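Trainee: I am new to this structure, and I would like a close look at a single part of it rather than a tour of the whole. Please take me through that part slowly, with each term explained where it comes up.

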Amino acid sequence: MPADPTEPTLDEQIAAYQREFRDLDPQVEKVVTALGRLNRRMNVAYGRQVAALGISNAEWEVLKTLVLAGAPYRMGPGELAKRLGLTPAAMTHRIDRMAGEGLVTRDRDENNRVRVIVELTDEGRTKWLESMQAASTFEEELLQDLNSKERGALGEMLTRLLRRVEDAQPDAGGRLTDLD
């Protein structure tokens, strides 16, 4: 029985697809449908976790991008927008909101007064660390039925699938539309 009673089970969905499209490979469809559902449900779970911390998924993505940049956790808004697949206007809106919440600061570059620098605050880093702790707990629970070898094998297989998509769709890392 699916978690959502309005959604068919994987097997029900695949049977319906096969009824309408006889050339469907049920093994392939089961893998991609399960991955899609898993991704959707994980995104909902992560969204709930960050909401409990008082931030949005969109804000978390900015925090993550600044952390990935490394200390001192600074970046120009144009580079942030590019990495997140956002328009400059959407990025400005997001930075305005986050600066108002004390998650980031926005200051002029001392070496180039035209350039703006967005920097992670202590509060922003704390929110990011809290979200990572919650995510880590959730992810451990998610994978609890897999032993270390199975986790490694699954990670390798998913990485191979990801590489195939990235090779076929190199421009698909960003957004199709802005999310906020």
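Mentor: Let us start from threonine 33, whose side chain reaches the backbone oxygen of glutamate 29 at 2.8 Å; this is a polar contact, a pair of N or O atoms within 3.5 Å in which, within protein, one must be able to donate a hydrogen and the other to accept it, residues adjacent in sequence counting only if both atoms are side-chain atoms. The model is predicted, so local features need pLDDT of at least 70 and side-chain atom pairs count only at pLDDT 80 or more, while totals for chains, interfaces and linings use all residues. Residues are numbered from 1 along each chain as its sequence is written, and side-chain values use heavy atoms, with hydrogens and water left out.

Threonine 33 belongs to helix H2, residues 26-52 (helices, H or I of at least four residues, and strands, E of at least two, are DSSP runs numbered from the N terminus). Because its relative accessible area is 9%, threonine 33 is buried (under 20%, against over 50% for exposed and partly exposed in between, with a 1.4 Å probe and protein chains only). Leaving aside residues up to four places away in sequence, threonine 33 touches Leu10 and Gln13, where contact means heavy atoms within 4.5 Å. Alanine 45 is also placed in helix H2, and at 17% relative accessibility alanine 45 counts as buried. Alanine 45 and alanine 81 are 36 residues apart in sequence, with their C-alpha atoms 25 Å apart in space.

Alanine 81 leads us to H4 and its partner H5, for alanine 81 is among the residues of H4 that meet H5. The axes of H4 and H5 come within 9 Å and cross at roughly 110 degrees, axes being lines fitted to C-alpha atoms, for helices over the stretch in contact, with angles from 0 to 180 degrees between N-to-C directions. That makes H4 roughly perpendicular to H5 (65 to 115 degrees; under 35 is roughly parallel, over 145 roughly antiparallel and the rest oblique). Pro77, Leu80, Ala81 and Leu84 of H4 make the contact with Pro88, Met91, Arg94 and Ile95 of H5. By class, seven of these residues are nonpolar, none is polar and one is charged, where Ala, Val, Leu, Ile, Met, Phe, Trp, Tyr, Cys and Pro count as nonpolar, Asp, Glu, Lys and Arg as charged, and the others, Gly among them, as polar.

H5, residues 88-100, also meets H3, residues 57-69, their axes coming within 11 Å and crossing at roughly 90 degrees, so H3 and H5 are roughly perpendicular too. On the H3 side the residues are Ala58, Glu59, Glu61, Val62 and Leu63, and on the H5 side Met91, Arg94, Arg97 and Met98; they divide into five nonpolar, no polar and four charged. The buried residues of H3 include Thr65, Leu66 and Val67, and among the elements that cover the buried residues of H3 are H4, H5 and helix H6 (122-142).

Just after H3, glycine 70 takes a positive phi of about 90 degrees. Most residues other than glycine have a negative phi, and most peptide bonds are trans. Yet the peptide bond from alanine 71 to proline 72 is cis, with omega near 10 degrees, and tyrosine 73, although not a glycine, has a positive phi of about 60 degrees. Proline 72 sits in the loop between H3 and E1, and tyrosine 73 lies in the loop between H3 and E1 as well.
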